[in-house]
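The following exercises concern a ligand shell and a sheet. Work through each task before reading its solution.

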Amino acid sequence: MAPNPMKFVDGVARVKAERPALEFGTGVFEYAPAPEATDHVRLEPRYGLFVDGGFVAPKSERWFDTVNPATEEKLAEVADAGEADVDAAVKAARAAFRTWSKLAGAERGKYVYRIARLIQEKARELAIVETMDGGKPIKEARDVDVPLAAAHFFYHAGWADKLPWAFPGRSVAPLGVCGQIIPWNFPLLMAAWKLAPALAAGNTVVLKPAETTPLTAMKLAEILREAELPPGVVNIVTGAGETGAHLVNHPGVAKIAFTGSTEVGKLIQRALAGTEKRLTLELGGKAANIVFADAALDQAVEGIVNGIYFNQGHVCCAGSRLLVEESIEEDLLARLDWRIRQLRVGDPLDKNTDVGAINSRAQLEKIRELTRCGVEEGAHLHQPECALPARGFFFPPTYFTHVAQSHRIAREEIFGPVLAVMSFRTPDEAVEKANNLAYGLSAGVWTDKGAKIFAMTKRLRAGVVWANTFNKFDPTSPFGGYKESGFGREGGVHGLEAYVEVS
Ligand code: NAP
Ligand code: MG
């Protein structure tokens, strides 16, 4: 049956009639600008590599700029680590492993607690630097990224002296030097996810932050020094993909933990095949957020908005495919359309901003290209009218209706604020459509019926399934994928297991 374009318009009209108290259109609430002050933020003009407890100039003699994606202004220069630099970092980590791995768990735990507390102490500055370097709204950096980063260190500090209880009846040993490579969407938080379990278990680390967001890792290096973490236990090598590849291929590394795209994950898996190195991969996703007719619709709308517009949609577990039960499609879409028009897009440092800047020009181009492709393939584009800042990389919150499962926007990870809406008639059809991709990182289910939640979650091939909520994270809870979303878990005892040899 051909889609009825009037259906959506009628739905909007009906919800408007049902909710006369809501002023449809723009500007229900007017907000005065509320910019976060940046004058107390200390940034060095140039950051070296953090190797063996100090900042050193790169042997490569290369440096690169990191910019603020909201203004395109340069924030600082960062070292570009070459092969010899990665080698020096791995050597420092190997030397430190000899003593760090022998330290009593309770002593290691004290360092990890200290890092957690220092993150809390410097939370405001860390949040602002995260927002300046990566473009995410300050309210998210402040209320999500930084507190969760501290929580990961607190949680794992608690495990440091309890490893025998985590794996009862088995003997537990650290692995050695862990090479950890992280992406740009949650820079400090991803560093915390990786470092905290590795350190608690007695490993040493070489961490490679993403090229566009190295600054909170540099701030974290300062924190590690302040915590008096022994030199060489954590080394941080900034650079681009090539630096990551040097780390992957270094023979002195016992384990690689990678979070990033499925494409690079596959390259790494190939590079490690036949070696003794351990590997965990946290890769991409294209989550289905499934809304049944019996769901609380206004709550579901909040979950849909959080699912795809949180962090500009730069979220591996983003609810980027909305599957809505056909009987409520127009009602839900009308509510969603209204809600999206209330989102404030713009200056990430403004405390009222809901959708900040796209992380880089390259990512903006990718989002634009896939959006163009959505239109060309015949889906209907919906974007609120919102003025975007003249400078910087911005993209409005967007959704597509009349999406077919074969469309690229329904299959590929856009990693931006773009939602593909599809419908279903039966739970079987919802499961079929949700599982119909190579990804399997996360999913959402919205229904009033508990039994339906359990029936669905059992059948969804996704590492994390949220019910009547979305994007909830906790260090005690394992996170990770199925299929091409990777393997291995982060968080909880499962995450700890990836950093120990259990025999
Ligand atoms: P990416 O291009 O794969 O990069 C991830 C990291 O790997 C960056 O530090 C990158 O350096 C580095 N890298 C690039 N090429 C490499 C190579 N050949 N060898 C070793 N390292 C290499 O991914 P991204 O675009 O930064 O991040 C977005 C992706 O991460 C999305 O697909 C998202 O779903 C995924 N992600 C997954 C999770 C999860 O937990 N499953 C969490 C967050 C993000 P440069 O930055 O310098 O290129
Ligand atoms: Mg940057």
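**Exercise 1. The shell around ligand 1**

Task: In this predicted model, identify which helices supply at least two residues each to the shell around ligand 1, then describe the shell's make-up and its placement relative to the domains.

Solution.
1. Two helices qualify, with at least two shell residues each: α9, spanning 241–249, and α10, spanning 262–272.
2. Of these, α9 gives four residues, the largest share of the shell around ligand 1.
3. There are 29 residues around the ligand, and the nearest are Glu211, Gly241, Gly244, Gly260 and Cys316.
4. Sorted by character, the shell has 15 nonpolar, 10 polar and four charged residues.
5. Shell residues come from both domain 1 (46–283 + 485–502) and domain 2 (285–467), so ligand 1 lies between the two domains.

**Exercise 2. A seven-stranded sheet**

Task: Give the strand order of the open sheet of seven strands, find its edges, and describe the pairing at β14.

Solution.
1. The order is β14-β15-β16-β13-β12-β18-β19, and the pairing is mixed.
2. The edge strands are β14 (380–382) and β19 (464–467); each has a single partner strand, so one side of each has no neighbour in the sheet.
3. From one strand to the next, the twist averages 20°.
4. At the β14 edge, the partner is β15 (residues 398–401), joined to β14 by three bridges in an antiparallel arrangement.
5. Within this pair, Leu381 is found opposite Phe400 of β15.

Methods
Residues are numbered from 1 along each chain as its sequence is written. Chains are lettered from A and ligands numbered from 1 in the order in which they are written. This is a predicted model: local features need pLDDT of at least 70, side-chain atom pairs count only at pLDDT 80 or more; totals for chains, interfaces and linings use all residues. A residue is near a molecule or strand if its C-beta atom, placed from the backbone, lies within 6 Å of it. Ala, Val, Leu, Ile, Met, Phe, Trp, Tyr, Cys and Pro count as nonpolar, Asp, Glu, Lys and Arg as charged, and the others, Gly among them, as polar. Domain bounds come from an automatic or database domain assignment. Two strands pair if DSSP finds at least two bridges between them. Axes are lines fitted to C-alpha atoms, for helices over the stretch in contact, and angles run from 0 to 180 degrees between N-to-C directions.
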